[in-house]
Amino acid sequence: IQASHPKSVDITAQQMIFKAELDKVETVWDRHAAMQPQCGFGETGLCCRVCWKGPCRIDPLGNGPKVGICGATADVIVARNLLRSFCVGASAHTEHARHIAHTLYELSQNNAPAYSIKDEAKLIDVAKRLKISTEDKEILDIAKEVAEVSMADFGKHHGEFAWLNAVLNPLRKEKLASLGILPHNLDSVVVNGLSRTHVGSESDPMNLLLAAARLAAADVSVMAMGTELSDVLFGTPMPSLTTANLSVLKKDAVNIALHGHNPLLCEIVCDVAATMQEEAKKLGAKEGINIVGVCCTGNEMMMRHGVPLAANYLSQELTMITGAVEAMVVDTQCIMPAVVETASHYHTQVISTMDDNKIFGATHVSFHPESAVEGAKQIVRLALEAYKRRNPDKVDIPNHVQQAMGGFSYEAITAVLKKLDNENPIKPLIDQIAGGNIQGVVLFGGCSNTKVVHDFNYVTMSRELIKRNVLVLATGCAAGALAKSGMQTSQATLDYAGDGLKAVLAALGDAAGTAGPLPPVLNMGSCVDNTRAVRLANDIAMTLGVDLDMLPVCVSAPELMSEKAQIIGTWAAVIGLPVHIGVVPHVTGSSLVTKFLTQDMEEVLGGKFIVELDPIEAANKLYGEIQKRRQKLGI
Ligand code: SF4
Ligand code: FE2
């Protein structure tokens with residue numbers, strides 16, 4: 001099976017890749033080509049730079065060194081490198097959640113005037129799950145307690161790990177406890193992981209892998225905190241229609257692209273831009289200010305406000321190649337340093353906003369929750385200034401508008417199910433799975449990666465699975481890819497779903513009051529939002545009285561690259577799910593690590609990694625895993 005284009009299957013991206021060549025602007029694909037061949041020692045995880053006696057590298061094939069200068073074996077080097085990467089991924093999630101929890105706390109102290117509790121019911125639900133009593137308490141007092149309990153989780157040395165308890169089902173918690181890998185807090189698990197990889201520290205590769213599993217359990221907990229507290233502050237997503245791909249940029253508007261991951265900034269920029277439309281029109285931008293999203297900041301806005309999504313990770317530069325982006329406003333994570341160079345060919349103003357995520361060459365507007373509105377105004381003004389410098393000759397916006405329905409939070413899905421069974425909303429879902437109309441569920445997550453034709457694996461695999469009555473959920477850049485490719489529409493259900501799944505989605509569409517069936521790919525949000533799916537899976541498992549390792553549920557990250565995606569994949573396996581990845585991980589230099597991740601892990605934890613680069617074959621393998629689990633359940 002061949003992709004329709006060597007770089008991307010997003011037709012608007014294809015157009016802009018062509019324009020980039022004409023404009024003589026380098027893109028991520030050019031840099032990928034210039035990097036070939038990539039270092040084999042790095043690819044296999046066999047390069048160690050832990051100390052300054054090194055770098056050392058193990059020769060996996062020939063007669064070169066089999067241990068580093070200190071004596072570290074291939075297994076130790078690979079396991080240590082892996083644990084280090086996971087620590088970085090978990091740190092990114094930790095900082096994300098910490099910002100949100102801290103803002104909730106400041107709000108409860110009346111120190112964050114731009115913010116409010118947008119979803120009180122969710123706050124009360126969160127408080128209950130964190131075992132905080134809410135009776136006779138003012139809403140801001142509950143917010144304060146929820147923020148305090150959350151912040152305490154970061155450094156707690158005794159007592160309960162509140163978010164872990166809220167995320168893991170009791171059976172899984174017991175399992176991890178029996179293996180001695182139940183984490184007690186967030187920060188010290190990362191520090192512990194890093195300390196174990198210091199030169200001359202741990203040299204037992206299995207124990208390093210168990211540390212990685214423990215870290216993964218902490219990571220899933222902190223991700224839940226990030227998502228759920230964001231819902232409290234900004235509202236829990238509900239289904240809404242929007243558009244996705246580069247066509248969402250408008251020729252007659254001041255286009256502001258918001259890129260990164262953290263909803264704290266973009267929410268306020270949206271609010272402020274709404275009040276400054278007239279200023280844009282005065283400059284000649286007939287359609288005012290047009291906010292579009294890139295990457296997961298884009299997913300956050302798409303989920304909660306139906307803001308159009310322009311690009312996922314790999315097409316971020318291409319938004320500016322349209323020549324129509326006034327400001328590329330970035331917060332944190334997955335922002336290519338190259339955006340500054342791309343912007344320099346056009347009039348685009350790159351604006352960094354976080355004091356601990358500055359982008360060299362960008363204009364920095366220091367953004368703080370306490371003075372959020374002023375910061376957002378400054379950002380919008382910079383965009384208005386940039387509009388005056390726009391060169392109309394350089395503007396070329398693709399015209400392939402693609403509709404997409406987002407907003408399928410856990411609450412949104414259960415609200416639809418409640419219309420079918422108010423008492424026990426999870427029952428209709430279980431009935432459809434047991435009856436076979438839904439064979440199983442695959443959650444797509446992860447990034448985009450130049451090693452894979454952009455979006456190709458997502459589109460190919462999801463169509464292949466949907467055809468076989470597998471319901472698809474998606475987050476992060478996977479959700480972006482599947483929005484841009486039309487897989488989040490009623491039409492996609494009619495075009496691609498198997499008969500069983502089609503019937504279920506039609507019934508759910510009726511219940512939800514949408515114009516047609518629900519889409520076959522339910523967009524659950526940004527990459528931090530994967531725990532929405534975990535909550536749903538836990539509901540199913542608990543109703544059946546089994547753990548997640550019994551459910552016909554799999555995870556796939558067919559185009560992953562980031563350290564965050566690596567740790568997400570790991571926790572998915574640690575909580576008992578088969579996890580497909582479509583890129584070869586940097587572990588193949590160690591047969592011990594490779595075998596643990598792809599085989600032995602399943603015996604201990606129920607989940608494992610499946611590495612498969614061919615998307616059709618990958619879909620076959622996941623379908624096979626689903627069937628194995630259906631058999632175990634006796635359905
Ligand atoms: Fe080499 Fe050991 Fe230092 Fe790594 S820790 S660079 S293997 S001497
Ligand atoms: Fe993301």
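**Exercise 1. State which residues form the nonpolar patch on the surface and how Val611 is placed.**

Step 1. In this predicted model, Val584, Val611 and Leu613 form the patch, with about 210 Å² of accessible area together. Patches take residues with over 30% relative accessible area and no salt bridge, joining like charges within 9 Å and nonpolar side chains (Val, Leu, Ile, Met, Phe, Trp, Tyr) within 5 Å. Areas come from the Shrake-Rupley method with a 1.4 Å probe, and for residues only the protein chains shown count as cover.

Step 2. Val611 belongs to strand 16 (residues 608-611); helices (H or I, at least four residues) and strands (E, at least two) are DSSP runs numbered from the N terminus.

Residues are numbered from 1 along each chain as its sequence is written. Local features need pLDDT of at least 70, and side-chain atom pairs count only at pLDDT 80 or more.

**Exercise 2. Compare the burial of the salt-bridge partners in helix 13 and helix 26.**

Step 1. A salt bridge is a side-chain nitrogen of Lys or Arg within 4 Å of a carboxyl oxygen of Asp or Glu. The structure holds 40.

Step 2. In helix 13 (residues 295-305), Arg304 and Glu300 are four residues apart; their closest N and O atoms are 2.7 Å apart. Both are buried (under 20% relative accessible area; exposed is over 50%, partly exposed in between).

Step 3. In helix 26 (residues 615-633), Glu625 and Lys628 are three residues apart and bridge at 3.3 Å, N to O. Glu625 counts as buried because its relative accessibility is 7%, whereas Lys628 is partly exposed at 43%.

Conventions: Chains lettered and ligands numbered in written order. Heavy atoms only, no water. Buried < 20%, exposed > 50% of the residue type's maximum accessible area, 1.4 Å probe, protein only.
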